Amino acid sequence: MSKPETMGCIYKIPDEPIEARVQDLLSRMTLQEKLGQMTQIERSVAAPSAIKDLSIGSVLSCGGSGPFEKALSSDWADMVDTLQQSALQSRLGIPILYGIDAIHGNNNVYGATVFPHNVGLGATRDPELARRIGVATALEVRASGIHYNFAPCVAVCRDPRWGRCYESFSEDTDIVRKMASVLIGLQGQPPKGHPNGYPFVADRSNVVACAKHFVGDGGTVNGKNEGDTISSYDDLEKIHLAPYLDCISQGVCTVMASYSSWNGSKLHTNHFLLTQVLKEKLGFKGFVISDSEALDRFYHPHGSNYRNCVLSAINAGIDMVMVPFRYELYLEDLTYLVESGEIPMTRIDDAVERILRVKFVAGLFEYPLSDRSLLDSVGCKLHRELAREAVRKSLVLLKNGKDQTKPFLPCDKNAKRILVAGTHADNLGYQCGGWTATWEGKSGKITTGTTILDAIKEAVGDKTDVIYEQNPSPDTFNGEEFSFAIVAVGEPPYVETGGDNSELTIPFNGAELISSIASRVPTLVILVSGRPLVLEPWLLEKIDALFAAWLPGNLKAPDLKMSIAEGMICVYRNPDEPIEARIKDLISRMTIKEKIGQMTQIDRSVATPSALKDLSIGSVLSGGGSKPFEKATSSDWADMVDGFQKAALESRLGIPIFYGVDAVHGNNTVYGATVFPHNVGLGATRDADLAQRIGVATALEVRASGVQYAFAPCIAVCKDPRWGRCYESFSEDTETVRKMASILIGLQGQPPEGHPKGYPFVAGRNNVMACAKHFVGDGGTNKGENEGDTVLSFDDLERIHVAPYLDCISQGVCTIMASYSTWNGRRLHSDHFLLTEILKDRLGFKGMVISDWEALDRLVNIYGLNYRDYVLSTINAGIDMVMVPFNYELFLEDLMYLVESGEIPMARIDDAVERILRVKFAAGLFEYPLSDRSLLDIVGCKLHRELAREAVRKSLVLLKNGKDPKKPFLPLERNAKRILVAGTHADDLGYQCGGWTATWAGTSGRITIGTTILDAIKEAVGSETEVVHEPNPTPDTFAGGDFSFAIVAVGEPPYVESGGDNSELTIPFNGAEVVSLVADRIPTLMILISGRPLVLEPWFLEKLDALVAAWLPGSEGRGITDVIFGDYEFQGRLPMTWFKRVEQLPLHAEENLEDPLFPFGFGLTSNTKVLQN
């Protein structure tokens, strides 16, 4: 897509305001597509063709309908992703919302955590607990690929005969309002100032929620489900409407209409309540959805006069109809009603705007597919412990002892012999109630969890004999005496109308069973029910203790041995605890071996599962472009990284690794990723916002590959272009480097106002841990020697080279890498003054300091001392993590010796490990250790390639334009008859990208996906223009006819580090001779592809008609043709002073301005105007 088309397609641009995206998309939609968006269908009828061709807006699982029996979250994710991919293939690619009734956990999914039903949560009166349950539920729902949850129910139940009583928090409006805090857990907390009524979803860990059922469903006559609520409007508002006010103020995305009536008027067709009150008076901006098959229920028999039902529901204010099966009839009738004018087009547009608004708010256009990194959260220990806490807090003790002075509870867990009885003692399905595994729930081991009997057996002492008989007979009591009995009775599972009950007695002859046992032994009764039941006085008198357990869910994992006291102490696993408390707790549990393991970073080639698991290795990296295999894609990388991570999570404490790569100009090692210009080119743009956007894109592509840690940005100030890492620097000018270090904010995210200075920050799972490097002075070495010596006073070092680190530290940079180089002869890796006294103490850096690759080995090789000495000097100097990367056994052996001998104090080890853990907690690795596969589609996407193309355009520096300044040579004529394209770099993607691409040093050829300069030229010119390509033209090339002009691209081959040190800086491959040969014969534009200024002799310059410095532009060659053919103006300015002779070096604006060829900041426009600094 061209730039104008991209700019016009606003709805696909995530940075555009949501309302602008809604209006843009709406303007592109046909009537059929709009009506499709208003349709929600059941998964069993959701054919790919229906979703794609009809632009269906949503799919749901009716009544717990799933992929198959006991389907896991991964199975659900597979199913939902398949449906979503059909939607994305529709004309406009509008994603579906997938909906499910996850009303007490993700209760339809096998193995998910099942929390107590709302009636039990209402008994806790704990809104913070409800919020945390919302958080956990959202995570488990999103793990299954689902975006939309039909919860919370905020009904106020005024009569327990109602079959949905247990879905209500309370009969009391204020308690329901209080417990509706579960919504904040589900959707996230809107920021201060969020517009009232506007839908909100915090991120991909949250769901689209649904407040239901609007309104008064809990107040029907005699508690009849789908009955009639008879009340004045004032009472309806005071009792039943009030909880919706709170939900709307918290950004609830959707509201579901009730099956019930109000004073005889069906809610689904009540324009006054749905539109005048809910949308207009209360300001609700989300969408209103019908209940399942609600339109069929308007008339008897069901489904009669269907078209009239559609008419009345849509005109009343229903935006999306949960059809869910007869969608062809619904769409046919809805189309007829719109085309006939009975439903105004404004009503349709309002409905679709609301639906699209929710989809944009939820980020579905950016992240439509499931996030497989969440799968480990499903039924996890933390969530089971949360459910266990909820059960504890929900239990209501109604009687404790026949004599009030002699309490019966607590029970003696070391009693000799206990009888456990009753229909609900060992039945997980009964314990969970309706809406579990199936619509109405069912009996038996329907999911993973712990029954009351399981829990009793686990809780009692080793010598206690537990006897279980569901329905004991008199013979049960003939043997040895029981100390006491625990009898669990209650209701079977039920839902909706099937639960309406006018008697409310204990089913299964529960009262008789209790009486039979309580007549013989002291008895505790546990009542498992969704509401109060009849308890006759005679029965109550017999019971020693009684508590209401409501419908408690699946309690906890069967293998969980940890007591609740122990669970609460395990602070480091609790994401709600402060990071520093989590660090302190975890470090207190670690052995010395585990601590020094965390300080170790090893290469992927030696990262065996046993090393990661048994040694608690802190980090793994890909050294020098090391990859899973040649041309490995992001998904291949994610598979590899997840494999390493799973091994780390199996360690004793389950501390995740972070995986590091040199993503220095995009995720440049991964095949197919977007490759941006190297830093020297970005420095030429002077565009800090561009750098930040590139950081955002790079972070997304890095995270898509499963990697959490990027060894970037390099914020060196390069004072000499002879340095082999010159292109990794933004500029010779400190202020320019500081400005362009905004890329860090893109990589890690923008810290909020008030974020503590120096404290590491990572905004979310779309961001990476970054690494400012190389501390410090690496760009100022003598003669530009890589790993050489920077000879400066501390004041100059601070002013020139330390300054960019101040900005990074203030923006929460997570890590800083020490430099191979020296400062006044002192090795940076062992310089306590700079690493500890300056960086950590004076500058307040709270993240971790990491060594460079094999830095300790290099110290040994250079100075000939033993390895242990350098372990000692680097760790005591302030290095927290060592990039070993191969010989980790020796490193760990020597480090252990030095700690045990006291040569490295334990305080230094603890400081290093605290810093490493701080970064891991800040990055959310304990919560989300695995890759997010939903990001894979963004790798190398059109939006990112367009961003790289923009960067190329802005980086180009025009150094000459015409032999006569009054006659500019550029822009070129795209409809010229015949063009010669020549030079080594015209059709070489590897040369165009430079070092750190595909491999460590980079290489020649089609090393990744992208566009060469030649490709771009052929695409840019007119259809009748002949493009002749000869990399090395000879005089014979010009014998065949006249060329209009030539474009010759020459420059440097890829190089890295010391391999790029160069004392001559001439154009390689006889580049000057090739250009001269061409320029002697035809007008010539020379494009110089290099990581730095190169020698341009005066005689050579005179021959050229135009000269462009293109630096190392990366994968998007079209950015060059955008400018040379005049679609865009030149904007780039030199990031470095361009010398005439190498003998002048170092030559830079700050100190030495001796006769430069082009001064720092120089750059022309196509009309030969000099750009202003």
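**Group meeting: a helix, a small sheet and some cysteines**

Hi everyone, let's start with helix H33, where the buried residues are Tyr888, Phe891, Leu892, Asp894, Leu895, Met896, Leu898 and Val899. Keep in mind that this is a predicted model. H33 covers residues 888–900, which makes 13 residues. From its first C-alpha to its last, H33 reaches 18 Å, close to the expected 18 Å at 1.5 Å a residue. And what follows H33? After the helix comes Gly902, with a positive phi near 85°.

Now to the sheet. Three strands make an open sheet here, in the order E23-E25-E26, and the pairing is mixed. Strand E23, residues 789–790, and strand E26, residues 826–827, are the edge strands, each pairing on one side only. In which sense do E23 and E25 pair? They run parallel, with two bridges between E23 and strand E25, residues 822–823. If you'd like to find one of these on screen, look at Asp789, whose bridge partner in E25 is Thr822.

Last topic, the cysteines. How many disulfides does a search of the whole structure find? Zero. Take Cys62, which is in no disulfide: the nearest cysteine sulfur belongs to Cys210 and is 14 Å away. Cys62 has a relative accessible area of 16%, so it is buried, given that buried means under 20%. Then there's Cys153. Why no bond from there? Because the closest cysteine sulfur, in Cys157, is 9.2 Å from that of Cys153, which is too far; the cut-off for a disulfide is within 2.5 Å. Cys153 counts as buried too, at 4% relative accessibility.

That's my tour, and I'm happy to take questions!

Technical notes: Residues are numbered from 1 along each chain as its sequence is written. This is a predicted model: local features need pLDDT of at least 70, side-chain atom pairs count only at pLDDT 80 or more; totals for chains, interfaces and linings use all residues. Side-chain values use heavy atoms; hydrogens and water are left out. Buried means under 20% relative accessible area, exposed over 50%, partly exposed in between (1.4 Å probe, protein chains only). Two strands pair if DSSP finds at least two bridges between them. Helices (H or I, at least four residues) and strands (E, at least two) are DSSP runs, numbered from the N terminus. The expected span of a helix is 1.5 Å times one less than its number of residues.
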